[in-house]
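The following exercises are to be worked with the sequence and the model side by side. Each task is followed by a solution in steps.

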Amino acid sequence: MRVATVAFYGCALGLLAMGLREMFSGFEENRCTMTYMFEYPEYRRIALPRRVARQYPAYGLYLYGEGQYAQDTRGLKLTGAPVLFLPGNAGSYKQARSLGSVALRKAEALEGGVHLNVFTIDFNEELVALYGGSLRRQTHFLHESIKAILRLYKDHEAPPHSVVLVGHSMGGVVARALFTLPRFSPRLVSLIITQASPHQAPVLSLDAHLLEFYSAVRQRWVGRAEDLRNVTVLSVGGGYRDYQVRSGLTALPCPQDDPSKLSLVVTAVPRTWVSTDHLSIVWCKELVLATVRAFFDLIEPETGQFSDDPERRMAILHHHFIRHPVRVLGEQLETPVSLSGSPKTWSEVNTLRLAYSAPKEGQAKYFLFALSSRRRAYSHFYCRSNNLEMTSWVYGCTQMNGSMCVQAVDLSFGTELLPAYKVLTLSLRELSSVSHLIVVASNLNGRQFTVECEWQRQESQTVSLPVPHVLSFGMSVSDVTLNSTGLRHTIELQHFHQVYQAFRISVVSHCKVTKTDRLPNVYIMKVPWFREDSVTTSSIPSVTEISGMLHTSRPDNSTGVLLQLHTAPNCHYKVSVRTSFPRVLGQVLRFCGPVLPVYVAVALLLACGGQMSSVVRTGRPLQMSHAVARSLQPHKVDLPVYLLHLLLRYSWFQDGWSTLHLPPLDALPATSPDGTTQEGLPLNEDWPRLLSPLLYVLGAAMAFWGSVLLRLFLRLLSLLLAPLHRPSVSRDCGTLCRRTQLLLILCLSVLGWASCGALSITATFLLHLYRVLRLQMTERSLSHMLNLAPEKQSDKDNGTGNEEKGTGEKEKGTGEKEKGTGEKEKGTGEKEKGTGEKEKGTGEKEKGTGEKEKGTGNSDSLDSKPKECNGAPLLSDSVLQDVRDDLQLHISLSALLTLPVMLCAPSLIHWTRNLRYSVACLDPDPCWPHSVPLFIASLLLINCNTLTLSYSKTLPITSRLLLPLSVAMVTFSPLHLYRVNYFVSAALVPLAVSCLF
């Protein structure tokens, strides 16, 4: 193995490790607060109709309870509002305890008996994110569970007509799939909240049933969206801590003008502002509290059930998940408000800025800001306060009485809640009917707080900063210095709108005068086209680093990313933006990582093709590592794919493509929030295709080092299994006779049909692995044998085969004397053996001549019959070399067979976990009958060796076939990973034919 090859793939592995490290750990620490149960949780199973229980024996419906509430609901006489929790991929029904426990504590603090009944479904922890065959079954069981829940309220005075669904991960997708059922009534579900659910596309498309399920759901919610406008759906993504489901996939695919659908990232949720991983989003106290508060606000006090008004549902969800305007929801915006107070409590502010700290003594305080003298010079009025009480605090005066305002309108509805304070920005153009602005700073309860307000000219406080190029590798930096004379500044980050961009944004703040009562800085990175804002709080002075990355790409030419700085007055701020190369790699893997198995398969296919070509030329295969190293040919794979994409832009080529009934070309899922532009056309993103060479290098590195690890694993395993097997010196160890092969093909076919196709593939892989292990043991045995007969160095150097050995010349026999026997008689015997009998010598000569004409250059590797001495076989280096050649060939095949085994593993796991409920075959089975050619070819290849392949007439054609298959794999498999198995089968079948003919 050349040093340059190892160094190159070592660097590629380093890049891969750097990107994986950034993706898995390059984010903030988990700042979520854990939810706790104060009493022992109980899960009471709900009896379902006998038909449903027989049809879905692995599933169950439960009611969550604690303490006295669990005792009160033993008879299932329920009076609360029903909420049903749906676990996701491999999720437990007990994950509902966080939602249920917080809801119980919330109900205890309220009067009127309003409470929630939290139900949860046991889906047997199925791997539905990887095996799509269970999704339709789970959807039907969910329908039956909803009907069973509503039947529990039939004796209630005001029974509920619908159930609120909370779905985690794939549970959210199943919740939306309810509406695809022909007998489902949309009135049964009016509100769906999903947590880290991949609505756009599956994370890994490992079977066709998964993609068919997604296609049906998308067609129902996008194609017939008008029928579902009364169904409110809120989708919450986990942020960068969730590396299992990236937040871009959680965006709801729906028309942009649908007002009843919301998609956001948890970092933008008020009072939460944290990123969650895929599991903690269920128990994160900050998010659970926001969800429970929204549920209780949705309940009508008169009936104790959820509101049927879609507009009220959206208003409440906006309040708790979007803005949290610190204002009572039922209050009308334009209702006149009467203000009272003595003239001493009113103060008119004539300066440009107000800074007021409430004293310890309780008092009423009102500040008046006249608008008449400010309208022309300023565009906005900005105010903030660290008094976070849920009260109105800014008004617009419509009627003055001397120095006091007697009638005003509430302007607090636009308040935005931040971690350190609440802020309100008012546009003066929208206040034409208002003469004065009033800021209420009363602290009648004696609570101290600070209020800061100022007039602002938005144009002067907005700065544009172009970001460095993504390929600058952090060598260049863009910076801007702000001499803060105001309380808020906005920096527009130009050219920052793609998901593959990643920056380190550093904000350095310092002030000339140090004050202990300053309000902290709050930095907000706002993304105009998607609710994925991130909030960072820092003290003064400080050096703060902000991670500049996106979950979605900009769908059109809208405004770029904005960095909003809520600053302290009379301080200096320096903002620096630098490209972070590790984070760029992390973004590439986050969005393009699912494609890497395709490029690993391409590298292994081309490595196998290189070995076949070597057998055709020299009669011997390359070493596995050398073959993988030579398989790195991105120009031969990517250029045809680029050409296809270019040709498909022409209508005449599209017509021909459709005439041939070819599937559309695969590309990565669109990275915009809804996958379409404002005109409704699908986005054509070129950057994933431009990254194809990098992905190819990373996939080849995985194949290279994977083959090295596989070789080490085989050596270790063969060493452990060696005491269980007799030593062998034959290259045919571990092979199967033809009758055994036919019997195994029949048995595995019946096994795959009666149970699971993945089981047949796994069994075939284990049989082939046993063949490789036997070859590894034989190679070790031969290398340690003491009776090896090394050939002459000259014969090894010329590489043309031992021609004198086959001619029968007597001088060659004399050379055998040098082996050290020292006896004349034995030397004569060796001489006679070395020269051979006349008849044998003649045969050897003819064979040597034939081999010479064949031009393989290595006749010894084709001579499978070793020489004998006194009736015992005499081994030579050629026998050891033959075994090593076969070992390299079968290691390559084993590495290639590993991919189908891994891709089919989810269906096998699902089948084995359901054996206690049913021993029937897996239905539907994504691996059957497509696995039949794969395991038949794999069984036939067990007996394959380089000697057979070197005589094959079809091997030259087979070796050239693997490159077109690799191109087709890159073209059609990135979004359909299960197609990798088809291409592997298409490669192994002609190779098995080459072993036979």
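**Exercise 1. Aromatic groupings**

Task: Identify which residues form one aromatic cluster together with W652, and describe the geometry of the aromatic pair of F496 and F503.

Solution.
Step 1. The cluster consists of Y650, W652, F653, W657 and F972. This assignment, like everything below, rests on a predicted model.
Step 2. For the whole structure, the count of aromatic pairs is 28. One of these pairs is formed by F496 and F503.
Step 3. A pair of aromatic rings is described by the distance of the centres and the angle of the planes. For F496 and F503 the centres are 5.0 Å apart and the planes make an angle of 85°. Planes over 60 degrees apart count as edge-to-face, and the pair of F496 and F503 is accordingly edge-to-face.
Step 4. Burial is judged by relative accessible area, with under 20% counting as buried. F496 has 1% relative accessibility and therefore counts as buried. F503 also counts as buried, because its relative accessibility is 1%.

**Exercise 2. A strand between two neighbours**

Task: Determine how many residues of strand β13 are buried, and name the strands with which β13 pairs.

Solution.
Step 1. Strand β13 spans residues 380-385, and six of its six residues are buried. The strand is therefore largely enclosed by the rest of the structure.
Step 2. Burial applies to both faces of β13. H380, Y382 and R384 lie on one side, while F381, C383 and S385 lie on the other.
Step 3. Strands of a sheet pair through backbone hydrogen bonds, either parallel or antiparallel. β13 runs antiparallel to β19 (residues 450-456), to which six bridges join it. One point of register is H380, whose bridge partner in β19 is Q456.
Step 4. β13 also pairs with β17 (residues 422-427), in the antiparallel sense and over six bridges. Here S385 has K422 of β17 as its bridge partner.

**Exercise 3. An open sheet**

Task: State the order of the strands in the open sheet of five strands, and find which are the edge strands.

Solution.
Step 1. Read across the sheet, the order is β20-β22-β27-β24-β25, and the pairing is mixed.
Step 2. β20 (462-466) and β25 (534-538) each pair on one side only, which makes them the edge strands.
Step 3. From one strand to the next, the twist averages 20°.
Step 4. At the β25 edge, five bridges connect β25 with β24 (residues 521-526) in the antiparallel sense. Within this pairing, N521 is opposite S538 of β25.

**Exercise 4. Helix α10**

Task: Compare the span of helix α10 with the expected value, and list the elements against which the buried residues of α10 pack.

Solution.
Step 1. Helix α10 covers residues 310-321, 12 residues in total. From its first C-alpha to its last it reaches 16 Å, close to the 16 Å expected at 1.5 Å a residue.
Step 2. At the start of α10, a side-chain oxygen of D309 comes to within 3.2 Å of the backbone nitrogen of E311.
Step 3. The buried residues of the helix are R313, M314, I316, L317, H319, H320 and F321. An α-helix has 3.6 residues a turn, so residues three or four places apart point the same way.
Step 4. These buried residues pack against strands β6 (191-195), β7 (232-237) and β8 (261-265), and against helix α9 (285-298).

**Exercise 5. Backbone exceptions in loops**

Task: Locate the cis peptide bonds that precede P541 and P924, and decide whether N570 is buried or exposed.

Solution.
Step 1. Most residues other than glycine have a negative phi, and most peptide bonds are trans.
Step 2. The bond from I540 to P541 is cis, with omega near -5°. P541 belongs to the loop between β25 and β26 (542-549).
Step 3. The bond from D923 to P924 is likewise cis, with omega near -5°. P924 sits in the loop between α25 (877-913) and α26 (931-940).
Step 4. N570 has a positive phi, near 60°, and lies in the loop between β27 (561-566) and β28 (571-579). Its relative accessible area is 56%, so N570 is exposed.
Step 5. Phi of H661 is also positive, near 60°. H661 lies in the loop between α15 (651-659) and α16 (687-690), and counts as exposed because its relative accessibility is 73%.

How values were computed: Residues are numbered from 1 along each chain as its sequence is written. This is a predicted model: local features need pLDDT of at least 70, side-chain atom pairs count only at pLDDT 80 or more; totals for chains, interfaces and linings use all residues. Side-chain values use heavy atoms; hydrogens and water are left out. Helices (H or I, at least four residues) and strands (E, at least two) are DSSP runs, numbered from the N terminus. The expected span of a helix is 1.5 Å times one less than its number of residues. Buried means under 20% relative accessible area, exposed over 50%, partly exposed in between (1.4 Å probe, protein chains only). Contact means heavy atoms within 4.5 Å. A polar contact is a pair of N or O atoms within 3.5 Å; within protein, one must be able to donate a hydrogen and the other to accept it, and residues adjacent in sequence count only if both atoms are side-chain atoms. Two strands pair if DSSP finds at least two bridges between them. Axes are lines fitted to C-alpha atoms, for helices over the stretch in contact, and angles run from 0 to 180 degrees between N-to-C directions. Rings of Phe, Tyr and Trp (its six-membered ring) pair if their centres lie within 6.5 Å; planes under 30 degrees apart count as stacked, over 60 as edge-to-face and the rest as tilted.
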